[in-house]
Amino acid sequence: MADKQITVTSPLLPDLEEFIPMLRDIWDRKWLTNNGHYHKELEKALADYLGVQYISLFTNGTLPLITALQALEVRGEVITTPYSFVATTHSIWWNGLKPVFVDVEEKTGNIDPEKIEAAITPRTTAIMPVHVYGTPCDTKRIQEIADQHHLKVIYDAAHAFGVQVNRESVLKHGDMSTLSFHATKVYNTIEGGALVCHDEAIKKHIDYLKNFGFAGETTVVAPGINSKMDEIRSAYGLLNLKQVDKAIAQRKRIAEIYRQGLKDVAGIRMLEDVENVRHNYAYFPIFINEEYSISRDALYAKLKEHNILGRRYFYPLISSFDSYKNLDSANPANLPIANKLADQVLCLPMFATLTDEDIYRIIDIVSTMK
Ligand code: T4K
């Protein structure tokens with residue numbers, strides 16, 4: 001009999017019995033989208049949960065990145081990381097801007113602040129770092145550099161739902177932060193996302209931008225886009241918010257079991273928790289070096305033979321894709337650490353409903369691989 005399939009993630013699903021009455025209510029209201037009842041409720045609930053003042057809901061996690069660059073009127077060049085999901089760099093490209101890649105820190109996979117200044121030119125106007133796997137960037141150092149060079153900072157916080165530093169939301173840093181609520185994330189609205197800012201007038205402008213630029217029936221203030229979240233996904237999001245803390249606690253437990261089970265395996269490095277950070281355990285990356293018995297890709301393939309579908313997030317590097325590989329900053333010599341991590345990384349299955357039996361099966365295979 002074939003082994004049970006275990007995917008890298010599995011969505012957090014709300015209770016169907018609780019969802020059905022909400023659907024009935026939406027049917028009764030006959031109001032399906034455009035800042036409806038559940039949309040307003042979810043915005044409020046998320047602002048409370050995340051501990052931020054201004055949040056705007058979006059239809060996915062890519063459009064808030066694109067919109068943040070629009071709202072801040074970013075021009076010219078944007079410094080960013082190649083070690084992320086393609087959406088980060090695509091958002092820069094979609095604004096007609098030039099991405100400039102900077103290498104990452106080995107320890108976290110986040111952009112290395114000490115390498116940012118060398119990449120600044122007279123055309124640089126913003127930095128777009130990513131809190132990769134939910135580990136907070138060095139926000140203090142990044143802000144110092146941004147202040148010194150008058151740059152905007154937009155954090156791609158797609159992985160960082162609920163992450164706190166010293167009991168404060170990581171989303172409070174920079175000019176804006178974006179979230180993804182995709183099905184594969186710690187918290188999901190099936191598809192969805194959000195843009196966090198720190199100013200009421202800017203939030204208003206963002207809300208215009210996500211609704212074609214409309215500020216009233218006959219006024220268009222800017223060339224906006226349509227990226228509104230609908231009522232059904234907003235209601236679904238309200239239900240999922242009630243269970244996300246429990247899901248994060250389950251993820252933490254799974255991370256602890258993995259760490260314990262794999263700690264003595266030669267050639268495997270894992271991320272560590274950072275002091276004073278509330279982690280969300282969004283992913284469980286392991287980094288395979290030469291001391292491991294087989295290569296990273298061989299391990300990936302072996303796990304697949306056992307129906308365990310790990311993923312190489314983030315390989316290939318964004319900078320190696322055809323759209324970007326000819327940029328000067330995409331040269332692998334400029335990005336040695338990012339290239340190393342991309343060649344070493346394998347994300348093991350990580351989701352709240354992963355069973356102990358499955359976790360131990362994965363540990364057993366990884367730790368006895370020959
Ligand atoms: N910035 C960063 C740093 C990001 O990581 C992302 C998205 C974004 C921005 C953009 O946010 P969104 O516009 O997507 O909201 C997945 C996700 O689609 C993507 O949201 C995520 N990052 C990325 C890291 O992972 P794929 O192409 O790997 O997804 P897929 O369809 O292969 O799914 C992965 C596994 O998840 C499947 O093997 C099984 C499981 N799965 C997936 C879906 C869709 C389920 O069990 N159920 C499902 O419904 O990109």
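**Exercise 1. Strand 10 and its neighbours**

Task: Determine which residues point one way from strand 10 and which the other way, and whether they are buried or exposed.

Solution.
Step 1. G193, L195 and C197 point one way from strand 10, A194 and V196 point the other way, and all are buried. The model under study is a predicted one.
Step 2. In general, the side chains of a regular strand alternate between the two faces of the sheet.
Step 3. Five of the five residues of strand 10 (residues 193-197) are buried, so the strand is largely enclosed by the rest of the structure.
Step 4. Two pairings of strand 10 can then be traced. Strand 2 (residues 54-58) pairs with strand 10 in the antiparallel sense over five bridges, and S56 stands opposite L195.
Step 5. Strand 9 (residues 176-180) also pairs with strand 10 in the antiparallel sense, over four bridges. Here G193 in strand 10 is the bridge partner of S180.

**Exercise 2. Strand 13**

Task: Establish how many residues of strand 13 are buried, and identify the residue that stands opposite I286 in strand 15.

Solution.
Step 1. The count of buried residues in strand 13 (residues 284-288) is five of the five, so this strand is largely enclosed by the rest of the structure.
Step 2. On one side of strand 13 are F284, I286 and I288; P285 and F287 point the other way, and all are buried.
Step 3. Strand 11 (residues 268-270) pairs with strand 13 in the antiparallel sense over three bridges. The bridge partner of I268 in strand 13 is I288.
Step 4. Strand 13 and strand 15 are likewise antiparallel, with four bridges. In strand 15, L346 is the residue opposite I286.
Step 5. Beyond strand 15, M350 lies in the loop between strand 15 (345-348) and helix 10 (356-367). M350 is buried, because its relative accessible area is 1% and the cut-off for buried is under 20%.
Step 6. M350 and G96 are 254 residues apart along the chain, and their C-alpha atoms are separated by 36 Å.

**Exercise 3. A sheet of three strands**

Task: State the order of the strands in the open sheet of three strands, and name its edge strands.

Solution.
Step 1. The order is 8-7-12, and the pairing is antiparallel.
Step 2. Strand 8 (168-169) and strand 12 (277-278) are the edge strands, since each pairs on one side only.
Step 3. Strand 7 (residues 164-165) is joined to strand 8 by two bridges, and the two run antiparallel. Within this pair, Q164 stands opposite S169 in strand 8.
Step 4. As a general rule, the strands of a sheet pair through backbone hydrogen bonds, either parallel or antiparallel.

**Exercise 4. Two helices and a loop**

Task: Decide on which side of helix 6 its buried residues lie, and compile the buried residues of helix 3.

Solution.
Step 1. K203, I206 and L209 are buried in helix 6 (residues 200-209). They lie on the same side of helix 6 because they cover an arc of only 115° around the axis.
Step 2. The face turned away from that buried side carries the exposed residues E200, A201 and K204.
Step 3. V220 lies in the loop between helix 6 and helix 7 (231-262). With a relative accessible area of 48%, V220 is partly exposed.
Step 4. V220 and Y208 are twelve residues apart along the chain, with their C-alpha atoms separated by 8.2 Å.
Step 5. Helix 3 (residues 63-71) is mostly covered, with eight of its nine residues buried. These are L63, P64, L65, I66, T67, A68, L69 and A71.
Step 6. E73, which follows helix 3, has a positive phi, near 50°.

**Exercise 5. The ligand shell**

Task: Describe the residues that surround the ligand and work out how they divide into nonpolar, polar and charged.

Solution.
Step 1. The ligand is surrounded by 25 residues, of which the closest are T62, D156, H159, S180 and Y313.
Step 2. This shell divides into nine nonpolar, 13 polar and three charged residues.
Step 3. An N or O atom in the side chain of H159 is 2.7 Å from an oxygen atom of the ligand. For H182, a polar side-chain atom lies 3.4 Å from a ligand oxygen atom.
Step 4. T9 contributes a polar backbone atom, 3.4 Å from an oxygen atom of the ligand.
Step 5. Taken alone, the ligand exposes 920 Å², and the protein buries 74% of that.

Note on methods:
Residues are numbered from 1 along each chain as its sequence is written. This is a predicted model: local features need pLDDT of at least 70, side-chain atom pairs count only at pLDDT 80 or more; totals for chains, interfaces and linings use all residues. Side-chain values use heavy atoms; hydrogens and water are left out. Two strands pair if DSSP finds at least two bridges between them. A residue is near a molecule or strand if one of its heavy atoms lies within 4 Å of it. A polar contact is a pair of N or O atoms within 3.5 Å; within protein, one must be able to donate a hydrogen and the other to accept it, and residues adjacent in sequence count only if both atoms are side-chain atoms. Accessible areas come from the Shrake-Rupley method with a 1.4 Å probe; for residues, only the protein chains shown count as cover. Ala, Val, Leu, Ile, Met, Phe, Trp, Tyr, Cys and Pro count as nonpolar, Asp, Glu, Lys and Arg as charged, and the others, Gly among them, as polar. Buried means under 20% relative accessible area, exposed over 50%, partly exposed in between (1.4 Å probe, protein chains only). The arc is that of the directions from the helix axis to the C-beta atoms.
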